[in-house]
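Visitor: I should like to learn how a metal site and its surroundings are read from a model. Please take me through one case.

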Amino acid sequence: MKASIPTLLVVTCASLALAAPAPPDDGKLRIICFGAHPDDCELQAGGVGAMWAAKGHHVKLVSVTNGDIGHWREAGGPLAKRRKAEVEQADAILGVATEVLDIHDGELLPTIENRRMITRLIREWHADLVLGPRPNDYHPDHRYVGVLVQDAAYMVTVPFFCPDVPYLKNNPVFMYYPDQFQKPNPFQPDVAVSIDGVISKKLDALDALESQFYEGGANGSPELMPSDPAKQKERHQQVRDGFERRYLDQAKRFQAKLAEFYGNDKGKAVRHAEAFEICEYGRRPNTEELKKLFPFFGE
Ligand SMILES: [Zn+2]
């Protein structure tokens, strides 16, 4: 009997949808943010992303995995589609571009293929600034996004690495998101930004990521989802309050850095903040350049 051999379809760098087009060379900043899952960038840089976007700068948030195991009740293709729709809604609120790469959640590895993919994305965005997680984290996908972004720092400038996409003549500035991990070294902020002006927008965006926060994501349960509409409203408020506390806490944690950039009085008055640390492998900006990349301190 003759067995038919199915054709093996090799997909290398597939994303779930066509990528956002490269931004025009119009003198505005071009920022690309990487997160492991469709919510990580929004959590870490949603505020500053909305602030850049409001000034006409070009911001793209990339989820490196499709989030397809990030729920206690559902998984696979339908969850990936749901999370992509959620993150598109959130990013529309923030005014930024979205891309979700079609890599399984929980299975990201720092391979050469993925290094090429991250390098291409940074080059295609003509990035001035690249944000990503530190490679010390409880979640393997977060760790490997950190490693992949570090691996792309510098390689984006090497002409014969990934020669299919023109290399960058200037190495971008690479920066890390904050986390709480202490070993081998704790996060040290190099810049802290008040997100008071966009905090409600940011909380609205996070509210749109229902599968993750309202429903609790991978560690959620049916008890989080009441059928009574009044209780549902309460649950939404509970999620919102929890996130507001997170950014209030960040303003306290990074108060010294806020004072450095805003001055003592204004710095102390900041209620909600995001902060970033310079990665040593990209371009090393001085304070003056940092203020150009984060053009928010004279306001
Ligand atoms: Zn994540």
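Visitor: Why is the arrangement of the four donor atoms around the zinc ion classed as irregular?

Guide: Four donors count as tetrahedral if all angles lie between 85 and 135 degrees, and as square planar if opposite donors are over 155 degrees apart and all others between 65 and 115; anything else is irregular. Here the angles run from 55 to 141 degrees, so the arrangement is irregular. This is a predicted model, in which local features need pLDDT of at least 70 and side-chain atom pairs count only at pLDDT 80 or more, while totals for chains, interfaces and linings use all residues. Residues are numbered from 1 along each chain as its sequence is written, and side-chain values use heavy atoms, with hydrogens and water left out.

Visitor: Which protein atoms are the donors of the zinc ion?

Guide: Donors are N, O and S atoms within 2.8 Å of the metal (3.2 Å for Na, K and Ca); water is not among the atoms, so sites may look incomplete. The zinc ion has His37 (ND1), Asp40 (OD), Asp40 (OD) and His142 (NE2), at 2.1 to 2.5 Å. Their sequence spacing is H-x2-D-x101-H.

Visitor: Are aspartate 40 and histidine 142 buried or exposed?

Guide: Buried means under 20% relative accessible area, exposed over 50%, partly exposed in between (1.4 Å probe, protein chains only). Aspartate 40, at 13%, counts as buried, and histidine 142, at 10%, is likewise buried.

Visitor: What do the buried residues of helix 4 pack against?

Guide: Helices (H or I, at least four residues) and strands (E, at least two) are DSSP runs, numbered from the N terminus; contact means heavy atoms within 4.5 Å. The buried residues of helix 4, including His142, Val145 and Leu148, pack against partners among them strand 1 (30-35) and helix 1.

Technical notes:
Four donors count as tetrahedral if all angles lie between 85 and 135 degrees; four count as square planar and six as octahedral if opposite donors are over 155 degrees apart and all others between 65 and 115; anything else is irregular.
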